[in-house]
Amino acid sequence: MTGPLRSPESEAIILRDHPWRGVRSRAAALAACALTAALVATGATPAYAAADTEAPTTPGPITVAAIDATWVELTWAASTDNVGVVSYPVSAQFEDNGRTWSTDTNSIRITDLRPSRTYTFFVAALDAAGNRSLSSSTLRLTMPPGDDQPPGAPGQPVAYNVAATQVSLRWAHSVENVVLDRYQVFRVGAGGALTFVRDVSQYPPVNSTQISGLTPNTTYTFVVQARDEVGNLSPLSAPVTVTTLPPPPSCAVRSVVRQWSDGFVAHLAVQNTGTTAINGWTMTWRFWAGQQVQGIWGAKVIDRLNNSYLRVGNTGRNAVIPPGGTVSLGLVASGTQLPQEITLNGGLCVVADE
């Protein structure tokens, strides 16, 4: 036999007054607790960790527990934290290069280091909320020697960009079995005496340098020596001998130009205003990439520099310009950029338009 039909309102009254009502409420609470536990177990951040803003204390000074030529074991006084330290990032710095390791204890063994290289170590502490302590005091440590082989001799230097007071040198790298530290450049004097010029100590070392402060029109001899991190020195390179250029001449240019809509003809009178003769010369002046030389006399075109300057040289008849002497040359060209910023053998000339 079926019972009487119940309205939704009467059902609600029965549930409210039923003796199992409290049991059901307690079951719901237990289910909520179980869900919270499941969230924590699957990696959700506990409320107390999210609210943790206190950083661990600074780790104690780093000390060396054991060491060899290529590895070291470090230890330090552990940090403390209001919740708990979870890891220690350990960093090593050499020159401009750095590496970082991590450990969950207050010690670490670091391998793949280089003999005789000097490293700077420091350590910090991290807690579960990501708070980071201040870094420990640094430990500067030179690894035990493991390199007794000197570098090979550098290649013979080559001189380039020779000017009146400076010269650039480049050479083939030395062959080194561990780490090359630097090159040293020496000037060779009378009787083979060496005078130190400069260190080339960028890391890794570059195999070129510029030497300035030289005397114009003077002959110099240079050699290069390599040094590794332990201090082993290579044999000297083969020498290079170079003569600096004479000082740039003093000059003046009188310019007569006839111009039209897309071209010009220029007559240049170039005077040596210095006190010494010029024997062989080159001239440059501003000349845009789109311009073309349509005719030239009194000089010959050598090349174009960076598509911004035209460089010309003397002919066989006018190579020598005595003090106070003048050479004349002319140019027919397209474009509207007239000869400006005129130089003679690297010296800037004074230009007067007529």
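**Exercise 1.** Is Asp303 buried, partly exposed or exposed, judged by its relative accessible area?

*Solution.* Keep in mind that we are working with a predicted model. Start with the number: Asp303 has a relative accessible area of 26%. Next, recall the cut-offs: buried means under 20% and exposed means over 50%. Asp303 is therefore partly exposed.

**Exercise 2.** Find the salt-bridge partner of Asp303 and describe its surroundings.

*Solution.* First, look at the side chains: Asp303 pairs with Arg311, at 2.7 Å from N to O. Then check the accessibility of the partner: Arg311, at 27%, is partly exposed.

**Exercise 3.** Which residues are joined into one network by salt bridges that share partners?

*Solution.* The network consists of Asp181, Arg182 and Asp199. Now take one of its links: between Arg182 and Asp181, the closest N and O atoms are 2.6 Å apart. Finally, compare the accessibility classes of this pair. Arg182 has 24% relative accessibility and counts as partly exposed, whereas Asp181, at 15%, counts as buried.

**Exercise 4.** Work out where in the chain the salt bridge between Glu73 and Arg109 makes its link.

*Solution.* Begin with the contact itself, which is 4.0 Å from N to O. Next, place each partner: Glu73 lies in strand E2 (residues 72-76) and Arg109 in strand E5 (residues 107-110). The two are 36 residues apart, so this pair links distant parts of the chain. As a last step, add the accessibilities: Glu73 is partly exposed at 28%, and Arg109 is partly exposed at 48%.

**Exercise 5.** How many salt bridges does a search of the whole structure find?

*Solution.* The search gives five.

Key:
Residues are numbered from 1 along each chain as its sequence is written. This is a predicted model: local features need pLDDT of at least 70, side-chain atom pairs count only at pLDDT 80 or more; totals for chains, interfaces and linings use all residues. Side-chain values use heavy atoms; hydrogens and water are left out. Helices (H or I, at least four residues) and strands (E, at least two) are DSSP runs, numbered from the N terminus. Buried means under 20% relative accessible area, exposed over 50%, partly exposed in between (1.4 Å probe, protein chains only).
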